Amino acid sequence: MAIIEKSDKTSAIKAVKKVAASKATPAPKNEQRKSNTIYVSSDEEIVRLDITLRGHRYRSYWDEDREYLFFSVAPEHTEAFEMHTWFVQGRFMKHGA
């Protein structure tokens with residue numbers, strides 16, 4: 001029986017979760033959101049989240065299976081989102097990245 005290093009196992013789990021999250025599909029874009037950047041949770045979430053970026057409140061929304069959360073962020077707020085703890089620590093990532 002092979003011994004698996006803890007760090008190898010952790011990185012393998014993260015890789016599998018990243019692939020699963022990237023396969024989740026967000027709701028279709030309406031005209032207002034066509035220029036927005038979509039961010040998806042890297043792990044399955046059990047509650048919806050809200051975030052306030054530069055005075056503008058964003059509410060997350062579910063994928064079709066109610067497993068992953070998405071944020072549709074306006075172009076003027078993408079920089080602020082990518083500086084947020086959730087993005088920096090890897091809880092959310094760009095959809096399709």
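Mentor: Start with the cut-offs for accessibility: buried means under 20% relative accessible area, exposed means over 50%, and partly exposed is in between (1.4 Å probe, protein chains only). Keep in mind that this is a predicted model, where local features need pLDDT of at least 70, side-chain atom pairs count only at pLDDT 80 or more, and totals for chains, interfaces and linings use all residues. Residues are numbered from 1 along each chain as its sequence is written, and side-chain values use heavy atoms, with hydrogens and water left out.

Trainee: Okay, why is E79 called exposed?

Mentor: E79 has a relative accessible area of 52%, which is over 50%, so the word fits. R54 gets the label too, with 51%.

Trainee: What makes E79 and R54 a salt bridge?

Mentor: The rule wants a side-chain nitrogen of Lys or Arg within 4 Å of a carboxyl oxygen of Asp or Glu. For E79 and R54 the closest N and O atoms are 3.8 Å apart, so the pair passes. E79 sits in helix α2 (residues 78-83) and R54 in the loop between β2 and β3 (56-59), 25 residues apart. Helices (H or I, at least four residues) and strands (E, at least two) are DSSP runs, numbered from the N terminus.

Trainee: How many salt bridges does the rule give?

Mentor: Five. D50, R57 and R59 are linked in a network of them.

Trainee: And how do you know that R91 and E45 form a salt bridge?

Mentor: Their N to O distance is 2.9 Å, so they're within 4 Å.

Trainee: Why does that pair tie together parts that are apart in sequence?

Mentor: Because R91 is in the loop between α3 (85-88) and β6 (92-94), while E45 is in the loop between β1 (37-41) and β2 (50-53), parts 46 residues apart.

Trainee: Are R91 and E45 buried or exposed?

Mentor: R91 is at 31%, so partly exposed. E45 has 12%, under 20%, so buried.

Trainee: What makes the charged end of R91 sit over the ring of W86?

Mentor: The test is NZ of Lys or CZ of Arg within 6 Å of the ring centre and within 35 degrees of the ring normal. R91 is 5.5 Å from the centre of the W86 ring, so the distance part is met. W86 is also in an aromatic cluster with Y39, F71, F81, F87 and F92.

Trainee: Last one: how do you know that K94 and E82 meet in a salt bridge?

Mentor: They're 3.4 Å apart, N to O, so within 4 Å. K94 is in strand β6 and E82 in helix α2, so the pair ties together parts twelve residues apart in sequence. K94 is partly exposed at 38%, and E82 is partly exposed at 27%.

Conventions. Rings of Phe, Tyr and Trp (its six-membered ring) pair if their centres lie within 6.5 Å; planes under 30 degrees apart count as stacked, over 60 as edge-to-face and the rest as tilted.
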